Structure formats: C-alpha cells, structure tokens
Amino acid sequence: MYRVCAFLAVLMSGCVSPQVQNSGGMAVRDIDPGIRGPVGGVGIEGQDIISMTDQMMRDILGNSFFSGNAVAPRVIIDGEFFVNDSGQAINKNMITERLRANLNRASNGRMLFVGRNYARMVEEERSLKREGVTDVGTTGLTRAQAGVDYRLGGRITSLDSRDTRTGMIQRHTQILFEMVDVENGLIIWSGLYEFARAGADDVVYR
Amino acid sequence: MYVARDILQRCVLAVACAASILGCAATGGSRNTVLEAAAVDFAAGQPEPLRPHFKVLYAEGEWNAVLNLNLLGHAAMKSGQFALAERAFDLALYRIESIYADDPNAKRAKSKFVEEKVKDFKGEPYERAMAYYYRGLLYLREGDFQNARAMFLSAERHDSMSESEEFQSDFGLMNYLAAWASFCDNDADRGRELLDRAYAAQGTIFHALPQAPSLLAITDVGMGPAKSTQGKYGEQLVFVPRADGTTLAAPDDEVAILVPAADINFQASTRGGRAIDFILDGKANFKQGAETASDVLIAASLATSMSALNTGDRGTAEAGGYMALASIGLGLLASVTTPAADTRYWWSLPAEVYLMADSIPEDGSSPVVAFVATKPPIEGQVPRAQSWSVTPAFQVRHGGCEVAWGSTHRVSSDDRTPITQHEKLRSERNALLRHELETAFLSSSPQ
C-alpha cells in the first residue's frame with residue numbers, strides 16, 4: 001500500500017505547474033534614461049543621446065562665440081542639416097531637440113533660439129495681427145521673422161566590423177556637431193562625440 | 001473480505017490516477033485556451049485580412065516574434081497598411097539588432113536533449129536582411145531617405161555575415177538602393193560611393209541601370225526559399241528553392257529598363273556554414289553513438305542470455321540482464337537526443353526583386369507603373385501559363401524622386417493551427433511583448 005501511495009504521490013507531482021516566472025505580468029517601471037537599460041545592441045541608445053547632448057551643451061556654453069557677446073546671438077538648432085549617414089535608423093530630432101531645449105534653459109538668454117520649424121505658424125499669427133483680426137499682443141511688431149547668425153549642422157556616421165570566427169560584432173559611431181555662421185559659411189564651433197560598442201550573439205544565432 | 005477490500009483499494013487508486021492525469025491535461029488545456037482566447041480578442045481589433053497574423057503573433061510570444069512580425073509587416077505592406085507595417089518591422093528589427101547573450105532559451109538550444117528550434121527566432125542572414133529591406137522601402141515611401149539608406153546598409157551588413165568569405169557582400173541591390181536614397185537626399189558623393197559598391201558586387205546587373213533615375217519601381221517576384229533538413233537526424237539545414245517560375249515583364253509598349261536585381265534563393269544558399277552546425281553535428285554524433293552502443297549491448301545481452309540458458313549459470317544470466325538494462329538506457333538516451341535543425345522560415349519572401357528605372361515626365365505627371373507577371377504551366381497542376389497584371393502597393397514622390405513598390409504575390413494568410421505556445425522561460429518577456437503589442441497596435445486603422 002505504501003508503494004502505491006508513493007506511486008500516486010509521484011504521479012500527482014506531475015500535476016504541479018512548472019515554475020512560471022512572473023506569471024502575473026510585470027508592472028510598469030521607470031528606468032533611468034541616463035543609464036544603459038536591460039536590453040540593447042551596439043548602436044546609439046537613449047543614454048548616448050543624453051550623454052552626447054549634455055556634453056555638447058556644456059561645450060557650446062563655454063564657447064565665447066555664443067556666450068561672450070553683448071548681443072545674444074540667434075541660433076537655429078534642428079535636424080534639417082544634421083545628416084544620418086550611419087547604418088542605424090534614428091530619429092535625429094531626439095538629438096537636436098534635446099540639445100536645443102537644454103541649451104535654451106541653461107543659456108538663460110545668452111543665446112536666442114529661432115524655431116524655423118514654426119515659421120508657418122508664426123506667419124499666420126503675423127497676418128492675423130496685421131489684418132486686424134487680433135491685436136498686436138504685448139511685445140510689439142517686427143518687420144520680419146527673426147534672422148539667424150548660426151545654424152547647427154552635423155553628421156552621424158558608423159563603421160561596422162565583425163569577426164566571423166568569434167561572432168563578435170563591433171560598431172564605431174561618430175556624431176559630429178557643427179555650428180555654421182549662416183552669413184559667411186564659417187564653421188565657428190565643432191564638437192565630436194564617439195563611442196565603440198561590441199558584443200556577440202549566442203552561437204545559436206551566428 | 002480482504003480480497004474485496006484489496007479490489008476496492010485498487011479501484012480507488014485507478015480512479016485517483018485517472019483523475020490526476022485528466023486534471024493535468026485540464027490544467028494545461030485551460031492555460032492554452034485562455035491564451036488563445038486573449039489572442040483572438042487582441043486580433044479582433046485589427047484590420048480583417050491581418051487578424052490571423054495578429055493572433056499567431058500574440059499567442060506565440062517571443063519564441064516566434066521576429067518571424068511573426070516580419071510576416072505581419074510584409075502582409076500589411078501588401079494590403080496598404082503602411083503605418084502598421086512600420087510598427088511591425090520596427091519591433092522585429094529591434095529584436096534582430098539586440099545582442100542575445102546569456103539567453104536561457106539559446107542556452108537550452110545547445111543542449112543535446114532540446115531541439116534547436118526552442119530558441120527565439122531571429123532568422124538567417126538573408127531573412128534579417130530582407131526585414132531591413134522592407135523597412136527601408138517604408139522609409140523611402142515616407143521620403144526619409146537618410147533612414148532608408150541606413151536600413152539598406154544594415155541589410156547589406158547582415159547579409160555579409162556569412163561564414164564564407166567568398167560570399168560576403170554579394171547583395172548589390174541593397175547598395176544600389178542605398179545609393180539611390182543618397183542621390184534623392186542630395187548627397188551625390190555618398191551616392192556614387194555606394195553605387196561603386198553595387199557595381200563591385202554585381203556589376204552586370206547594376207551597370208544596366210541608370211545611376212540616379214528619378215523613378216524607381218521595385219517589384220517582389222515569385223516565392224522565396226524554404227528551409228529543410230538533411231542528414232540522418234535532420235541535423236543539416238538546407239535551403240530549398242520554391243521558385244514557381246514567375247517572371248515579370250513591362251507591358252508591350254513600355255521601353256523602360258527592367259532587370260532582375262536580386263535573387264533571394266541565391267542569397268539564402270550562399271550563406272555558408274553556421275556556427276551552430278558544429279553543435280548539431282555533435283548532437284547527431286552523440287545520438288548515433290548511443291544508438292550503436294545500445295544495439296551492440298542488446299546483441300551482447302541476447303548472446304549472454306542464451307549462453308546462460310545453456311549453461312544454467314546464474315552469474316552469466318545476471319550479466320545478460322544488466323547489459324539489456326544498459327542497452328535500454330542508451331536507447332532511451334538516443335531517443336531523447338534531438339539534433340534536428342530549426343526550419344522555421346519567412347515563407348512570404350519573394351524569389352527575386354526586379355527594378356525598373358525610368359524618368360519622371362517633363363510635365364511632372366506621375367508615370368503609370370504596371371507590369372505583367374507570368375507563371376509557366378506546372379505539370380499535373382496548372383495546365384496553362386498564367387498571366388496577371390501587377391500594380392504597385394504604393395507610388396509616391398518626394399522632391400525629384402518617385403518610388404513605387406509592389407509584389408506579384410498577394411497577402412498570404414496565416415492559417416497555422418494549432419498555434420505553438422512556448423511560455424517556458426519566457427513568461428516575463430511574453431507578458432511584456434503582449435503589453436507592447438497592445439500598445440503599438442492599439443488603433444490600427446487603414447491609411
């Protein structure tokens with residue numbers, strides 16, 4: 001009888017559900033965007049965007065072309081002339097918009113930023129004022145929309161290499177930021193951010 | 001009395017055993033049913049022709065996510081659901097780009113007693129390259145030429161991940177498309193550099209095309225390769241062409257340049273060896289060894305037992321028994337060794353990609369892009385050749401460049417039943433994936 005019970009116990013033990021991890025799902029959690037997350041590849045990631053824009057912001061603010069003038073220079077920082085020539089698709093606006101927002105806050109009026117992407121919106125409002133549909137607001141009228149002194153350009157490039165023997169893949173990524181005097185074409189400031197990242201997939205994927 | 005009690009005990013035991021077995025089945029069954037019902041619910045909110053794809057994607061989870069997302073994205077492109085296709089390929093490429101290191105299921109796939117197909121699907125290099133190709137086409141459609149170039153360059157990079165040096169960088173189409181995207185982005189220097197790479201890879205094909213045509217029509221033709229296995233235990237992965245002979249031609253009065261620019265069967269078959277092939281060979285050798293040893297032992301056991309019967313020697317008989325037991329053990333070991341290669345494949349891929357280059361008319365009108373596809377008769381199946389017209393799924397112009405894309409084959413439905421569910425060691429990731437799917441495809445609607 002004991003043997004029978006033992007047999008039954010073994011049989012019943014088969015009914016115990018396999019160890020299911022996190023069977024109830026996983027609640028949404030915040031991840032520090034400045035650090036490398038739990039998953040990733042060898043390309044540009046969120047923490048790189050934060051790191052590079054912070055570095056460029058400090059560099060620009062420390063440059064006398066931008067912060068040492070009696071009259072604050074006017075600047076456009078957008079993705080129009082910031083070229084992605086790398087092997088990774090990326091939304092360039094993530095980089096340029098973060099740089100612009102942080103520079104605008106940190107420069108505290110030492111630099112003025114022109115939103116050329118809002119030109120149509122501005123033109124509509126200007127027309128409404130001039131047609132008398134609206135009043136002139138509180139800051140007065142100007143002859144035209146703001147012209148600029150400098151505009152951001154740049155290029156994202158990457159170089160991939162692979163060791164077929166070990167399966168190790170490596171990507172060197174270089175992001176060039178340049179500020180161009182839009183009157184004479186002089187490049188008055190350049191900043192470079194680069195990193196290399198390597199990793200190897202499990203052998204079953206090579 | 002005792003006999004009756006014994007019979008009663010046996011009956012109770014039998015009923016308990018049967019109940020416990022049925023209970024096990026019911027528990028597993030209800031788990032599958034709940035998941036399948038959730039998959040059906042999720043799919044119900046999606047566009048009709050794509051629902052089977054959504055259902056399978058949701059139910060199979062991470063195990064087959066890349067394959068299912070590729071199939072979904074491809075079907076969505078063919079049916080004009082472009083935003084949906086973009087999201088599907090983005091999710092697939094994110095996984096293809098991720099480095100799979102210390103993955104528990106990848107580790108299991110190397111075990112002698114677990115099949116290779118237990119791993120998450122990432123696809124062979126030609127399949128990965130094609131996922132980038134389609135995402136690149138979608139970027140072209142949006143007029144985002146820089147990201148389109150990035151995708152075509154990534155496609156070329158993944159295809160060049162072959163073990164054999166002689167077959168690296170032979171996917172000239174990707175370089176040509178990257179060059180075309182560069183010209184459209186007004187980056188002629190980069191365009192020429194990439195064009196040179198296309199010429200170096202497949203000069204005959206790409207010299208026949210203009211350097212930077214203002215109109216490029218890209219057409220997927222035929223059915224791409226399948227995967228199969230060879231070897232005693234199916235341990236060798238092979239690619240089998242499924243070419244149905246479909247060809248593409250411009251209508252009679254057209255004089256545009258039309259060339260077959262890529263052969264996907266060729267790209268699949270020139271991959272060279274895989275690193276995992278050594279592991280599968282090892283598994284096959286182990287299985288072969290265990291089977292041979294089992295056969296030898298059973299023969300020895302029989303001979304020893306016969307000898308024991310003749311001599312009446314108890315020791316010899318015991319030895320024969322032990323040999324039989326060892327033979328059974330080795331036989332079991334051989335039977336649970338699984339060297340079979342993973343044959344999951346992206347079945348909706350084309351056999352070839354054709355390019356047609358033309359110029360936008362001076363009056364700025366959009367040229368009519370249309371082709372005629374022809375399939376030859378198949379003995380015993382299709383008595384006569386079939387012809388049908390092929391029109392682009394999209395044709396858009398951005399600046400001075402116009403691009404069209406279409407396919408000779410329509411959306412292939414996904415009727416895989418029963419759906420395979422692989423929750424083991426993936427429950428956490430599957431929960432995240434399903435949440436991601438519900439968010440990413442919350443409001444899929446026609447564009």
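Helix 3 of chain B crosses helix 6 of chain B in a left-handed sense, and the angle between the two is about 35 degrees with the axes 11 Å apart. Keep in mind that this is a predicted model. Beyond that helix pair, here's a rundown of the enclosed and open spaces, with five cavities of 30 Å³ or more turning up across the whole structure.

**The helix 3 and helix 6 contact in chain B**
- Helix 3, which covers residues 65-78 of chain B, brings B:Asn70, B:His74 and B:Met77 to the contact.
- On the other side, helix 6 of chain B puts in B:Ala131, B:Tyr134, B:Leu137 and B:Leu138.
- What classes of residue make up this contact? There are five nonpolar and two polar residues, with no charged ones.

**Largest cavity**
- The largest cavity holds about 190 Å³ of space.
- Its lining runs to 20 residues, with A:Ile169, A:Asp201, B:Arg128, B:His158 and B:Met161 closest to the centre.
- Both chains pitch in: strand 5 (168-181) of chain A supplies at least two lining residues, and so do helix 4 (82-97), helix 6 (125-142) and helix 7 (145-159) of chain B.
- By class, the lining of the largest cavity splits into nine charged, eight nonpolar and three polar residues.

**Second largest cavity**
- Next comes a cavity of about 110 Å³.
- It has 15 lining residues, and those nearest its centre are A:Val204, B:Lys119, B:Gly123, B:Glu124 and B:Arg274.
- Ten of the lining residues are charged, four are nonpolar and one is polar.

**Second largest pocket**
- Switching from cavities to pockets, the second largest pocket has about 890 Å³ of space.
- Which residues sit closest to the centre of this pocket? They are A:Ile44, A:Gln88, A:Ala89, B:Asp90 and B:Tyr94, out of 27 that line it.
- Helix 2 (46-61) of chain A gives two or more residues to the lining, as do helix 4, helix 6 and helix 7 of chain B.
- Helix 4 of chain B has the largest share of that lining, with five residues.
- The class breakdown for the pocket lining is 13 nonpolar, nine polar and five charged residues.

**Elements to look at in the viewer**
- Helix 6 of chain B is worth pulling up: it packs against helix 3 of chain B, helps line the largest cavity and also lends residues to the second largest pocket.
- Helix 4 and helix 7 of chain B likewise appear in the lining of the largest cavity and in that of the second largest pocket.

Methods:
Residues are numbered from 1 along each chain as its sequence is written. Chains are lettered from A and ligands numbered from 1 in the order in which they are written. This is a predicted model: local features need pLDDT of at least 70, side-chain atom pairs count only at pLDDT 80 or more; totals for chains, interfaces and linings use all residues. Side-chain values use heavy atoms; hydrogens and water are left out. On a 1 Å grid over the protein atoms alone, a cavity is a set of points where a 1.4 Å probe fits but cannot get out, and a pocket is an open set with protein on both sides within 12 Å along at least five of seven lines; lining residues have an atom within 4 Å of a point. Grid points are joined across faces, edges and corners, and a volume is the space filled by probe spheres set on the points. Helices (H or I, at least four residues) and strands (E, at least two) are DSSP runs, numbered from the N terminus. Ala, Val, Leu, Ile, Met, Phe, Trp, Tyr, Cys and Pro count as nonpolar, Asp, Glu, Lys and Arg as charged, and the others, Gly among them, as polar. Axes are lines fitted to C-alpha atoms, for helices over the stretch in contact, and angles run from 0 to 180 degrees between N-to-C directions. A crossing is left-handed if the near helix is turned anticlockwise from the far one by less than a right angle, and right-handed if clockwise. Contact means heavy atoms within 4.5 Å.
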